[in-house]
Each structure stands twice: as C-alpha cells, then as structure tokens.
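Trainee: Please take a close look at one part for me, the surroundings of the ligand. Please add any unusual backbone angles as well.

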Amino acid sequence: MQPRIHPAESFDVEDGKRQSGHPADGLGMPIVIKDLTYTVANNANRRERLNLLESVSACLWPGQMTALMGPSGSGKTTLLDVLAGRKTTGALKGDVLFCGRPPTQAFLQRYTGYVEQFDTLLDNLTVSEMLVYTAELKRPLGEPRAAKRAAVEKLVSDLALEQCRHTVIGNQMHRGISGGQAKRVNIGIALVTTPLVLFLDEPTSGLDSQTAKEVMVVVKRLTETGLTTCATVHSPTPRTFALFDSMLLLLRGRTAYFGRRGEAAIDFFSSLPPGMTDSASKVVAWGEAEWIVEITTTANRQDKAAWFAAHYAVSSLAASNAAAIDALEILASGGGMEHEVLLREAKSTATPFFWGVYTMLKHRTSRNFADPAFLGPRIGDKFLFCFIIFTLYFGDGGKQDPGNVLNVMQMLFMWTLLPAFSAVVYVPAIVLERPLFMRERSDGLYWPVTYLVAKLIEEFAIVLVLSVVFAAIVFAGVNLHGSFLLFWMIYLVTLWNGIVLAYGIASLSPNMDFANAAVPAYTIALLFFAGYLVRLQDIPKYWTWFPHLNFIKYAFSAQMLNEYGGANNHPFQGASILEFYDFPHDKWVNLGLESLFLIAFFVLALLGLTFLRHSKR
Ligand SMILES: Nc1ncnc2c1ncn2[C@@H]1O[C@H](COP(=O)(O)OP(=O)(O)OP(=O)(O)O)[C@@H](O)[C@H]1O
C-alpha cells in the first residue's frame, strides 16, 4: 500500500481545520507547489530554452522538515530560489502558493528566512553583534530594544553559540569563528525575525558529521515550533536524515519521489523494477539516504532520469500526493488561514529608511572607523600627496616670477585631479561587498538607497575631517591666495565627487577588474578636458560638449579663479593668467556646478545598485 502524504494527516481536509495538537498550531504556513516549470535560456546556446524544473508538485508543511535531494545539478538550489522568490531570470509556469495565495516579493523578503550555501557575514563584527545588527534592521521599529536583545539571546542559546558570541567573525585572512559556527550564525540571521518559512541551501556542507547533525538538530527544534522548513542536503548521515519528515527528490529538474522519509521511501524505491533499484538489505549498512542517493545517482548517470520521473508520475503515490495537494489548495484558497493577511504585505523592509541608515552607521561604520585596514587606504594617499605638495611647492605661491606661477598652476591642477584618481580606493567597498549587499537586500534588511546613503555618509565623514587638515597645510605651506574656505570646499566637493563616482562605476561594473580599469580610464579622459592641458577655448568643436560633463573642469576653474581672481592675476603669455585661460563663470558658480555632479553620480550609483544584479540566479 502506498503511504499517504502528510498534509492529509496534518489537516482535517473535510472540516478545513487543523487537528488539535499539531505543532503548527499558532504558527506556520503551508506551501503548495503545483506543476512548477522553470525555464531559462541555455548558457551554451541562448536561442535554446532549458527546463531546469519540470512539472514539480509537492507541498511543504508547517512544523515539518523537508529534505530536498538529488544528484548535483538536479535543480535543488533552483527550486529553493524559485520558492523564495530569489530568481532574477527565467520564466515560471505553474503555482507556488503560500497559504493558498501567490506571495508578494515583500512577503517573501520579510517573512521567510533563506540560509544561502555560502556565508555572507560582516567579518569585523562579533557573532552577537552580527545578530543584533540584523535584528535591529529586520525587527519592527516599535519593538523595545530589550525584546530584540532577548530574541538574539535566545537564538545564541538555541544555536549553541554561547562559546563564540564575543568572537569576531573573521575571514580567510584573519580567522575568526569556525565553519560550523559561521553556518549557525547564518541560520541565526535567517531566524532572527521569527520567519514563518525557512529555506536552507546545503546547511551541512563543509561540516563534519557531528557538527552537521548538531546544526540540523537545532533547525529541527525550531521547526517543531511551527516553521515550514525545506533544506537541500546531499548525502546526510543516517542520524541527520532521521531528523527530516519528508523528502522531495529531483532528477534533472523532475520529481523522482515526494513523500515521507523512512519506510515509505524504502518501500517506493525497493519496488522499482530490477536493474533500477538496489537490494533493500543495504539500507541497514548504508543508511536510507545513502541507499537512495546511490540508486538515483546511478540512474542519473545512466540517463534514466526521465524514466524515474515517468515512473513516479504514474505511481499511486503521485496520485495520492496530487489529491492531497489539491485538497490543501482548496482549503487554503477558502481563506481564514492564520497568516494569510501577511501575504498582502507590500513593504519589503520592516524598518524605515532613517533607521536603516542609523543602524548601519551604528554597527558597521563604528567598526570600520576603528579598523586600520579600512582607514589606511583612505588616509594614506591623501597624506602622501599632501606631504609631496607641501615639500615640493613650499612658499611658491608668494613668488611672482613666471616659472613659479606655472608651478603653482600645475600644483593646483594636480591637487584638483588627485581626488578623482584616488577614487579607485572606494571601488572594493561596493564590488567586494556585493554578495553581502545582495543577501541583505533579499532578506529585506534595507533598500538600496539606505545602503548607499549609509556608505556615503561613512566615506564623506572621513574626508570631511581629512580635507580640512590637508587643505590647511597645503594652503598655508604653498602660500596660496584667495579664500581658504573656497579652496577647502572645492577640494572637499571634488573628494566627494570622486567617492560617488567610484560607487557609481563600481555599481555598474560586473567585477573588480572592470571597475579598476573604468575609474582611471574615465578620470584620465577628464584630465584632458579640464582646461589646463588644452585651453578650453582651443578644444576642437566636436569635443566642446565634453568639458560641460567634467566636474574636474569646474573644480579647476574655481581653484584658478580663486587663486588669480584678485591682484594676483599676473601677466602671462602676453595677457593676464585668467584672460589667457579664459575660465568660464564665477568661482562660486563653478563650485555650485561641480556640486551638481554629486547628484548625478548618486543617481547613477543608485540605479546600478537597484537594477543591476550582475550575478544572474
Ligand atoms: N542558464 C543556464 N543554462 C544551462 N544550464 C543551466 C543554466 N542555469 C542553470 N543551469 C543548470 O541547471 C542545473 C541546476 O542547478 P542547481 O544549482 O539548481 O543544481 P543543484 O541540484 O542545486 O546542484 P548542487 O547540488 O551541485 O548545488 C545545473 O546543472 C546547472 O548547470
């Protein structure tokens, strides 16, 4: 006799009520997957369409843990991504229903947890800080701080992280917590808002069998409180596999088995025709999971995936599954389910913009400001150039001979250009952090604009302080003229422009190499059109549009007008300096026009962060 699928056991389908005493009482969300087909353009031949998932049907139940299994490349992560709404490409057919309704993206971001295969953590926070940071961004603003801390404390205890709670997470260069602890922190991040559904992509990969079991025991305990849990696993040990309630087995994107783990699965696989199965006696020696993996992997290698899918499709198990799935769908679509209202959620983040910025500054910026590896590259170049200019041009501004006038102009030109050149130092802040940003954004921690504003405030604050010091040293040391306030403001706005430009280019660039090449290429192009190497009036007609798009031109014009605007406007090449170069506008107007580029680069960076994902999933 084929086993009955668990939905019918958990729900009284006829009455439409939960059976009393079910662990899902009070919390949880059933998920129906019905005839799901997911198609993408083949990487190898873009004109060809590939079904990465084909007619997959199953349901995931609150309070139960479903193992998503299958050989490598069978579509497990693809299915998890589809369920969690994290696919950015491809076409979907069929239904994915949470509580009987298609979920909004905002619902998925706010009420489901997704533990990705690779860890994306902030390496300079401690375990506790990482969880508090996530809790503050993801839990409602109105919740008292003590309640948030208590939720984190509970997670630390549930996930057995007490030992390493104050250990810095670290990275490959500076070792911090272990792989198993990092995995548990990732699970903690997914659980910190008490989600209704938990997706885990290979939560046990890279862990020894004991740690893998410990991690899954924790997940099991949490699942029993009513969570709907689905985890991809490769070859779990018998003890780990025993924690799962059911199994969805995929072969080349098609269902090869969906049903209970244990006796039901063993019955199903041992009843296959000879040649397609293996002796059930091996289950004792190998364990159930290993035995099933062996049968299905062999079939996959022998190109029998289609046969398996067809065999399952006509089985009485598939028929009873289909009936149970239909019943659940009808029941759920009837309304009145506990968490149904959440499915109408329209806001992807629980906390407002200003809170996101504040929390990011509080947790991330405070750490960065105490980190020499972060501050070093941001201060070092400015210090070096300031030192060179101070020692090389000391007192030159007070000397009136033509040679010195030329030196001061060249110095002003370099001083104006350097912030744009050294902008490349800000590229890694966006490109290397992209996986973390993508994860946090998908988790509904913040909007791209929140992230961008917080990061810019962090960078702007550093150069605000530095620029006053270095501008004062250079202005006094070189003995410059004009307004110091303007001299400093032009320097500051140019530094800020360099930062936002680097962020803009980084957000548009697919990788570090591209961004590292694009920033200097663009800034060198600006250099030719800044009004010094070629006078603005001598630029050929077909290039005259470009200086208008050049913030360095406005900055350099403002610096020159500031320095030579008064009595200092010496005779130069048969005219005065300013007549010879003919810089347009007033010096303050030039500063104002330069400032407009901040807005333009900001919009560019925001568009890149919002709409370009670079890694297609
Ligand atoms: N655009 C594409 N063109 C061709 N093949 C693709 C494309 N996108 C994904 N695939 C293939 O789809 C299959 C499913 O990938 P997926 O990551 O879901 O497998 P998986 O079962 O999670 O594998 P693993 O266990 O190794 O993580 C893989 O064979 C992958 O190479």
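Mentor: Here is the ligand shell, followed by two residues with unusual backbone angles. This is a predicted model, in which local features need pLDDT of at least 70, side-chain atom pairs count only at pLDDT 80 or more, and totals for chains, interfaces and linings use all residues. Residues are numbered from 1 along each chain as its sequence is written.

Start with the shell. There are 13 residues around the ligand. A residue is near a molecule if its C-beta atom, placed from the backbone, lies within 6 Å of it. S72, G73, K76, T77 and T78 come nearest. Helix α2 (76–83) and strand β4 (49–60) each give the shell at least two residues. The largest share, three residues, is from α2. Helices (H or I, at least four residues) and strands (E, at least two) are DSSP runs, numbered from the N terminus. By class, the shell has nine polar, three nonpolar and one charged residues. Nonpolar means Ala, Val, Leu, Ile, Met, Phe, Trp, Tyr, Cys and Pro; charged means Asp, Glu, Lys and Arg; the others, Gly among them, are polar.

Now the backbone. D35 is not a glycine, yet its phi is positive, about 50°. D35 sits in strand β3 (residues 31–41). D35 counts as partly exposed because it has 13 C-beta neighbours inside 10 Å. E202 also is not a glycine and has a positive phi of about 50°. E202 lies in the loop between β8 (197–201) and α7 (209–223). With 20 other C-beta atoms within 10 Å, E202 is buried. The cut-offs, with C-beta atoms placed from the backbone, are 20 or more others within 10 Å for buried, 12 or fewer for exposed, and in between for partly exposed.
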